[in-house]
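User: I would like to learn how to read a few features of a protein model, one at a time. Could you take me through them?

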Amino acid sequence: MKKVMVALAVSAVVSVSGAMAADGGQLFKSKGCAGCHNPTVDTVGPSLKKIAQAYKGNVEGLVKFLKGEGKAIVDPAREGIMKPQLNSLKGLSDEELKAIAEFMLKH
Ligand code: HEC
């Protein structure tokens with residue numbers, strides 16, 4: 001019985017750390033997003049702060065945009081610059097996209 005409990009405890013720890021494996025901030029940088037999105041200042045793209053305000057409490061909406069299924073709400077006139085950037089997110093899992101969205105919303 002004791003052995004079973006230990007095994008359960010270990011597998012719980014493993015699955016929790018697995019769920020936290022996706023590092024949104026790291027992905028954001030490695031996919032080149034940081035080049036146009038500064039945390040607080042508008043550069044080529046709007047600041048992360050501005051994006052976080054627009055998507056406040058709406059992780060799902062942000063993930064949808066990252067999947068190419070949503071419409072731009074921050075600066076629709078310049079959506080043409082942003083949309084092609086979404087190609088670099090192709091192949092990422094839902095979990096990874098959510099991690100990026102949550103990272104952006106923290107600003
Ligand atoms: C070449 C510059 C550039 C790069 C690189 C870039 N973006 Fe953008 N991004 C923009 C511009 C310009 C806008 C404003 C247009 C818009 O709102 O869609 C924008 C807007 C956004 C928005 C707001 C969408 C909305 O609803 O209006 C999100 C979210 C976003 N970018 C995420 C990302 C992510 C994630 C990456 C990395 C894969 C990335 N961007 C890379 C230029 C860029």
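User: Let's start with accessibility. Is Ser47 buried or exposed?

Analyst: Keep in mind that this is a predicted model. A residue is called buried when its relative accessible area is under 20%. Ser47 has a relative accessible area of 3%, so Ser47 is buried. Across the protein chain, buried residues make up 28% of the 107 residues.

User: Where does Ser47 lie along the chain?

Analyst: Ser47 belongs to the loop between helix H2 (24-30) and helix H3 (48-54). The side chain of Ser47 also has a partner: one of its polar atoms lies 3.1 Å from the backbone nitrogen of Lys50.

User: Which other residue of that loop could I look at?

Analyst: Try Ala34, which is also in the loop between H2 and H3. Ala34 has 38% relative accessibility, so Ala34 counts as partly exposed, because that class runs between the 20% and 50% cut-offs. Ala34 and Ser47 are 13 residues apart along the chain, and their C-alpha atoms are separated by 9.7 Å.

User: What does an exposed residue look like here, say Glu60?

Analyst: Exposed means over 50% relative accessible area. Glu60, at 58%, therefore counts as exposed. Glu60 is part of helix H4. Its C-alpha atom is 8.0 Å from that of Lys98, although the two residues are 38 positions apart along the chain.

User: And Lys106, is that residue buried or exposed?

Analyst: Lys106 is exposed, because its relative accessible area of 68% is over the 50% cut-off. You will find Lys106 in the segment after helix H6 (94-105). Lys106 and Pro39 are 67 residues apart in sequence, with their C-alpha atoms separated by 9.9 Å.

User: How many helices and strands does the protein chain have?

Analyst: The protein chain has six helices and zero strands. Reading along the sequence gives the pattern α-α-α-α-α-α.

User: Now the ligand. Where does the ligand sit?

Analyst: The ligand occupies the largest pocket. Two elements each give two or more residues to the shell around the ligand: helix H4 (59-66) and helix H5 (79-82).

User: How many residues surround the ligand, and which are the closest?

Analyst: There are 25 residues around the ligand, and the closest are Cys33, Cys36, His37, Tyr55 and Met82. Sorted by class, the shell holds 16 nonpolar, five polar and four charged residues.

User: Which polar contacts with the ligand involve the backbone of Ile73, Val74 and Asp75?

Analyst: For a polar contact, look for a pair of N or O atoms within 3.5 Å. A polar backbone atom of Ile73 is 2.8 Å from an oxygen atom of the ligand. Val74 likewise has a polar backbone atom 2.8 Å from a ligand oxygen. For Asp75, a backbone N or O atom is 3.0 Å from an oxygen atom of the ligand.

User: Cys33 and Cys36 are both among the closest residues to the ligand. How many disulfides does the structure have?

Analyst: A disulfide is a covalent bond between the sulfur atoms of two cysteines. Searching the whole structure gives zero disulfides. The two cysteines also make a good exercise in accessibility classes. Cys33 counts as buried because its relative accessibility is 18%, which is under the 20% cut-off. Cys36 has a relative accessible area of 28%, so Cys36 is partly exposed.

How values were computed:
Residues numbered from 1 in each chain as written. Predicted model: local features only at pLDDT ≥ 70, side-chain atom pairs only at ≥ 80, totals over all residues. Heavy atoms only, no water. Disulfide = S-S within 2.5 Å. Buried < 20%, exposed > 50% of the residue type's maximum accessible area, 1.4 Å probe, protein only. Near = heavy atom within 4 Å. Polar contact = N/O pair within 3.5 Å; in protein donor to acceptor, adjacent residues only side chain to side chain. 1 Å grid on protein atoms, 1.4 Å probe; cavity = no way out; pocket = protein on both sides within 12 Å on 5 of 7 lines; lining within 4 Å. Sits in = over half its atoms within 2 Å of the grid points. Helix = DSSP H or I, 4+ residues; strand = E, 2+ residues; numbered from the N terminus. Nonpolar A, V, L, I, M, F, W, Y, C, P; charged D, E, K, R; others polar.
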